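Here is a short report for a first look. Read it alongside the sequence and the 3D view.

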There are 2 protein chains.
Amino acid sequence: MAMATLAQHQHSPDDTIHGHGLRMTGQRRAVYDVLMGERNHPTAVEVFTKVRGQVPNISLATVYNCLETLTDCGLVKIVTHERGPSRYCPNLEDHAHFFCDSCGEVSDLPLRARKRPQDVWEVPENITISHHQVAFRGECPKCAKKKNLKSEARNLKSK
Amino acid sequence: MAMATLAQHQHSPDDTIHGHGLRMTGQRRAVYDVLMGERNHPTAVEVFTKVRGQVPNISLATVYNCLETLTDCGLVKIVTHERGPSRYCPNLEDHAHFFCDSCGEVSDLPLRARKRPQDVWEVPENITISHHQVAFRGECPKCAKKKNLKSEARNLKSK
DNA sequence: AACTTAAATAGGAATTGTTCTTGATAAGGG
DNA sequence: CCCTTATCAAGAACAATTCCTATTTAAGTT
Ligand SMILES: [Mn+2]
Ligand SMILES: [Mn+2]
Ligand SMILES: [Zn+2]
Ligand SMILES: [Zn+2]
């Protein structure tokens, strides 16, 4: 597993991959394009299904390999949540994730300017933080609206 | 999966379990005691190994069942980190976790008074948050010290 | 105390998501 | 074009967890 470097300052994903002594193959490009296209935080299997449209006989293991390579090169981030399958995110900014419990949607929550997680949790100053991972769970606006409509309908009927 | 209720205000774990229409069996008590004893965030297998001292022929599936029951009753929390095995925590206060990359130690980081995660990440006000999960990774003080001693020794030798 | 009924357990099989292995294929530099 | 090495497809293996089922246990009820 190679160290992830500052990919966002390179000019192209190709350069970034080359910078790691690796090649930008058709499979890697296709996987990367799927992630850049759909910014839904797809799982490996979802990427696999989508990418088959471009590279019809790519294997699932190759999709996993490509995702690992892209992650190691710092072009995408892996997102884990509870015991669900890993998801992949091409947003390289520092951000947290929101997971809707009712529809499963995953979305990005940007870090506020000049704020650090350490402002909220007591981190002893003799420990060194290299990463943080933050997940919120709840109900997205779409699902909340849907639920409201349902309860309105129920009220009408009961009258 | 039953809804977790406010276990910390009950008087005993037995009451809490009874409150959910369940029984405090020998296996459940033993699992709970292991968690309360070692506050290291053990995995299911680690709990299994420890609890066998008390209940010699408990099965791993039962340990999983007990852990799930205790979690559902709100007596313990499940802690996931990347793709590692789930760990279990009897600290019911709102807290984050720190994972040492070099020794694997897991420790609790309390929420600061009057702070909320929403202060650090932009959460659209039309989304409802029910839970948050926060993990920090880095190097613990013990490991940092160990590393320093090593590099000192190296310097001495190279002179 | 015996009877009844439902909950809980042990043990093993099954499932899920991911990683590993291996032989074949494809790139890129000389 | 050839050589070397990276990459790939396919399927086996793996780790963690969940599911299944026959048996045991506990709580209530006579
Ligand atoms: Mn994201
Ligand atoms: Mn904890
Ligand atoms: Zn939703
Ligand atoms: Zn450490």
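Which helices each supply at least two residues of the surface near DNA strand D? In this predicted model, they are helix H2 (26-37) and helix H4 (60-72) of chain A, together with helix H4 (60-72) of chain B.

**The DNA side**

The surroundings of DNA strand D comprise 16 residues. A:Thr25, A:Arg28, A:Thr62, B:Tyr64 and B:Ser86 come nearest. On the DNA side, sugar and phosphate make up 83% of the strand D atoms that come within 4 Å of the protein. By residue class, the surface near DNA strand D holds six nonpolar, six polar and four charged residues.

Some polar contacts with DNA strand D follow.

| Residue | Protein atom | Atom of DNA strand D | Distance |
|---|---|---|---|
| A:Arg23 | polar side-chain atom | sugar or linking oxygen | 3.0 Å |
| A:Gln27 | side-chain N or O atom | sugar or linking oxygen | 3.1 Å |
| B:Ser86 | backbone N or O atom | phosphate oxygen | 2.7 Å |

B:Ser86 thus appears twice: it is among the residues that come nearest to DNA strand D, and its backbone contacts a phosphate oxygen.

**The metal site**

Which residues coordinate the manganese ion (ligand 1)? They are A:His41 (NE2), A:Cys89 (SG), A:His95 (NE2), A:His97 (NE2) and A:Asp108 (OD), at 2.1 to 2.4 Å. Along the chain, these donors follow the spacing H-x47-C-x5-H-x1-H-x10-D. A:His41 and A:His95 link distant parts of the chain, 54 residues apart. A:His41 sits in the loop between H2 and helix H3 (44-51) of chain A. A:His95 belongs to strand S3 (residues 95-100) of chain A. Are these two histidines buried or exposed? Both A:His41 and A:His95 are buried.

Technical notes:
Residues are numbered from 1 along each chain as its sequence is written. Chains are lettered from A and ligands numbered from 1 in the order in which they are written. This is a predicted model: local features need pLDDT of at least 70, side-chain atom pairs count only at pLDDT 80 or more; totals for chains, interfaces and linings use all residues. Side-chain values use heavy atoms; hydrogens and water are left out. A residue is near a molecule or strand if one of its heavy atoms lies within 4 Å of it. A polar contact is a pair of N or O atoms within 3.5 Å; within protein, one must be able to donate a hydrogen and the other to accept it, and residues adjacent in sequence count only if both atoms are side-chain atoms. Helices (H or I, at least four residues) and strands (E, at least two) are DSSP runs, numbered from the N terminus. Ala, Val, Leu, Ile, Met, Phe, Trp, Tyr, Cys and Pro count as nonpolar, Asp, Glu, Lys and Arg as charged, and the others, Gly among them, as polar. Donors are N, O and S atoms within 2.8 Å of the metal (3.2 Å for Na, K and Ca); water is not among the atoms, so sites may look incomplete. Buried means under 20% relative accessible area, exposed over 50%, partly exposed in between (1.4 Å probe, protein chains only).
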